[in-house]
Amino acid sequence: MSSLRNAVQRRAHKERAQPKERKRFGLLEKHKDYVVRAKAFHKKEDYLQKLKEKAANRNPDEFYFKMINSKTVNGVHKSGGDSDKYTEEELLLMKTQDIGYILQKLQAEKKKIERLTATLHSLDSQPSNKHVYYAEDREDAKRILSETKSVEGLPAFEDLPESIKRKTASSYRQLEDRKNRVQELEKVYNEMALKQELRKKGKKRKLREDEIVCPTSRPVYKWRTERKR
């Protein structure tokens, strides 16, 4: 019977729209919109009620170390004590892995520069190779001279097509960018290597400006010599 009742076409009851005189208030809220809003409101209301009960029934003498190790910064809760999460050996190992990654990228960039430099040639200048020919007599010298003149030289850069000129200029710009990147990676690698060495054991001190042999803007440290067994 239920299947037959559902098979019969019935009138579709539609909810009315917002009247014209109330258009300024926007769309008229439908029943399904009210259900979603009511569920969200009651969910927040129940959550606040549970928090109030938890605060009312708490033990005033309870203590956790998180109470003094954590703090709120600009309304955001941040837990303290993260600096002691790793030991010195673990921190040194992580720094070593970071240095290895930077060194790998540095070596890869240098290899790319070598390959790019090998493929690029200076098209602006002609090769300066000089060949010396020896002739037995005048006729032989004339024949050699006529043969060397008939050989065409390499085309100049101005005589090349525009597409090749653009590709060559783009390659030189790419080469310059890679050289700048290598300089930046070397700077980062040197700084990380210095920090890694400073984390190691051993007495060290920072040299004054008058003690540095080669003046440099970077700090220079000197380790105390120790006898190794």
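Guide: A polar contact is a pair of N or O atoms within 3.5 Å; within protein, one must be able to donate a hydrogen and the other to accept it, and residues adjacent in sequence count only if both atoms are side-chain atoms. This is a predicted model, where local features need pLDDT of at least 70, side-chain atom pairs count only at pLDDT 80 or more, and totals for chains, interfaces and linings use all residues. Residues are numbered from 1 along each chain as its sequence is written, and side-chain values use heavy atoms, with hydrogens and water left out.

Visitor: Which residue has its backbone oxygen 2.9 Å from a polar atom of the Ser171 side chain?

Guide: Ser171 belongs to helix H6, residues 162–199 (helices are DSSP runs of H or I, at least four residues, numbered from the N terminus). The backbone oxygen at 2.9 Å from its side chain is that of Lys167.

Visitor: Is Ser171 buried or exposed?

Guide: Buried means under 20% relative accessible area, exposed over 50%, and partly exposed in between, with a 1.4 Å probe and protein chains only. Ser171 has 19% relative accessibility, so the class is buried.

Visitor: Which residues does Ser171 touch, not counting those up to four places away in sequence?

Guide: Contact means heavy atoms within 4.5 Å. By that rule, Ser171 touches Leu116 and Leu120.

Visitor: How are the rings of Phe63 and Phe65 arranged?

Guide: Rings of Phe, Tyr and Trp (its six-membered ring) pair if their centres lie within 6.5 Å; planes under 30 degrees apart count as stacked, over 60 as edge-to-face and the rest as tilted. Here the centres are 5.4 Å apart and the planes at 70°, so the pair is edge-to-face.

Key
Helix = DSSP H or I, 4+ residues; strand = E, 2+ residues; numbered from the N terminus.
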